[in-house]
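Reader: I have a new structure open and I don't know my way around it yet. Could you walk me through it?

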Amino acid sequence: MLKILKYSFYDLIRSRWSYVYFLFYLLLGFVLLFLNNDVSKAIITLMNVIIILVPLIGTIFGIMYFYNSKEFTELLLAQPIKRSSIFLGQYFGVAGSLTLSLVLGLGIPFVLYGLFKSDAIFDFTLLLVTGAFLTLIFTVLAFNIALSNENKIKGFGYAVLLWLFLAVIYDGIFLMSLIIFKEYPLDSFSLGATMFNPIDLSRTLILLKLDISALLGYTGAVFKKFFGTDQGFLISMLMLVLWTVLPIWRLVSIAKKKDF
């Protein structure tokens with residue numbers, strides 16, 4: 001698995017799109033710090049970009065890499081190599097290269113600006129951690145979709161639809177439910193609905209750690225009561241881990257049963 005991971009990782013690192021992805025975050029970090037002149041404000045602005053862009057990039061890169069390397073994958077399947085090693089190696093290679101571009105692209109400008117001397121270092125670290133989790137989650141979801149659909153157009157459509165649902169449509173349904181059933185106690189429902197969407201969960205964690213939960217109104221008070229505690233934070237991180245582990249387990253399970 002490590003050899004396949006290395007190959008996939010170095011193959012993507014040499015790709016021009018990896019450089020574009022890295023340079024985008026590098027320039028974005030410098031521009032935000034130049035305009036805001038404050039690390040905390042730059043992190044807040046950056047959060048809005050990462051929460052939407054990182055899942056989209058992870059989804060597109062994952063689905064494109066799987067289909068583009070399909071012939072190479074079939075060649076590997078003909079060798080005495082475990083299927084789980086092949087697909088896990090490719091997945092971690094793609095997710096690792098995207099995560100590295102994200103961390104270095106944002107880390108360099110903030111470190112040069114004096115991040116280690118700022119009080120916002122924990123907030124920035126949490127931002128990078130959630131960004132890494134979103135990359136891992138949506139890349140493996142894209143691999144699952146591609147493995148389940150041999151038709152490239154159909155697989156790509158499903159992948160984009162999944163991102164669109166979790167990033168936009170889910171929030172709309174969630175807010176409509178809160179408005180329609182506002183006369184009922186919705187504390188548990190709000191927490192549960194947030195847990196079942198990794199994008200919403202990541203956004204809530206960052207907002208609360210930045211101590212601007214008042215912008216969320218009543219919902220913010222509910223989230224602050226739960227996520228503001230150490231136990232709530234650990235449960236939230238555990239949910240992000242589950243969002244990563246369960247699709248990986250499904251990827252391996254499908255790969256073992258699929259007839260190539």
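**A nonpolar patch and the rest of the chain**

Author: A place to start is the surface, where Tyr158, Leu161, Leu164, Phe165, Val168, Ile169 and Ile173 make up a nonpolar patch with about 600 Å² of accessible area together. Keep in mind that this is a predicted model.

Reader: Where does Tyr158 lie?

Author: Tyr158 is part of helix α7, which covers residues 152–180.

Reader: And why does Tyr158 count as partly exposed?

Author: Tyr158 has a relative accessible area of 43%, and partly exposed is the class between 20% and 50%, so that is where Tyr158 falls.

Reader: What else is around Tyr158? How far away is Ala142?

Author: The C-alpha atoms of Ala142 and Tyr158 are 8.8 Å apart, with their positions 16 residues apart in sequence. Ala142 belongs to helix α6, residues 121–148.

Reader: Is Ala142 buried or exposed?

Author: Ala142 is buried, at a relative accessible area of 1%.

Reader: Let me zoom out. How many helices and strands does the chain have?

Author: The chain has 11 helices and 0 strands. In sequence order the pattern reads α-α-α-α-α-α-α-α-α-α-α.

Reader: What share of the residues is buried?

Author: Of the chain's 260 residues, 50% count as buried.

Reader: What does UniProt say about "transmembrane region"?

Author: The UniProt entry, which is unreviewed, places "transmembrane region" at residues 20–36, 42–67, 88–112, 124–147, 159–181 and 233–252.

Reader: What does the model show over residues 20–36?

Author: Residues 20–36 are 100% helix and 0% strand, and the C-alpha atoms at the two ends are 24 Å apart. Residues 42–67 likewise come out as 100% helix and 0% strand, with the end C-alpha atoms 37 Å apart.

Reader: Changing topic: how many salt bridges are there?

Author: The count is 2 salt bridges.

Reader: Which residues do they involve?

Author: Asp171, Asp200 and Arg203 are linked in a network of salt bridges. The side chains of Asp171 and Arg203 meet at 3.6 Å, N to O. That pair joins distant parts of the chain, since Asp171 sits in helix α7 and Arg203 in helix α9 (residues 198–209), 32 residues apart.

Reader: And how far apart are Asp200 and Arg203?

Author: The closest N and O atoms of Asp200 and Arg203 are 2.7 Å apart. Both residues lie in helix α9, 3 residues apart, or about one turn of the helix.

Reader: Which of those three are buried?

Author: Asp171 is buried at a relative accessible area of 18%, and Asp200 is buried at 6%. Arg203 has 22% and is partly exposed.

Reader: Why does Asp171 count as buried at 18%?

Author: Buried means under 20% relative accessible area, so Asp171, with 18%, counts as buried. Arg203 has 22%, so Arg203 falls in the partly exposed class instead.

Reader: OK, pockets. How much space lies in the largest pocket?

Author: The largest pocket holds about 320 Å³ of space.

Reader: What lines it?

Author: The lining of the largest pocket has 13 residues, and those nearest its centre are Leu12, Ser15, Trp17, Phe61 and Met64. Helices α1 (2–13), α2 (16–36) and α3 (39–68) each supply at least two residues of the lining.

Reader: Which helix gives the largest share?

Author: That is α3, which supplies 6 residues of the lining.

Reader: A couple of loose ends. Where is Pro109, and how buried is it?

Author: Pro109 is in helix α5, residues 83–113. Pro109 counts as buried, at 1% relative accessibility.

Reader: How far is Pro109 from Val31?

Author: Their C-alpha atoms are separated by 9.3 Å, while Pro109 and Val31 are 78 residues apart along the chain.

Reader: And Ile235, which helix is that in?

Author: Ile235 lies in helix α11, residues 230–257. Ile235 is partly exposed, at 30% relative accessibility.

Reader: How far is Ile235 from Met195?

Author: Ile235 and Met195 are 40 residues apart along the chain, and their C-alpha atoms are separated by 9.4 Å.

Definitions and conventions: Residues numbered from 1 in each chain as written. Predicted model: local features only at pLDDT ≥ 70, side-chain atom pairs only at ≥ 80, totals over all residues. Heavy atoms only, no water. Patch = residues over 30% accessible without salt bridge, like charges linked within 9 Å, V, L, I, M, F, W, Y side chains within 5 Å. Areas by Shrake-Rupley, 256 points an atom, 1.4 Å probe, with all protein chains shown as cover. Salt bridge = Lys/Arg side-chain N within 4 Å of Asp/Glu carboxyl O. Helix = DSSP H or I, 4+ residues; strand = E, 2+ residues; numbered from the N terminus. Buried < 20%, exposed > 50% of the residue type's maximum accessible area, 1.4 Å probe, protein only. UniProt positions renumbered as here; feature names shortened; annotations may be inferred. 1 Å grid on protein atoms, 1.4 Å probe; cavity = no way out; pocket = protein on both sides within 12 Å on 5 of 7 lines; lining within 4 Å. Points joined across faces, edges and corners; volume = space filled by probe spheres on them.
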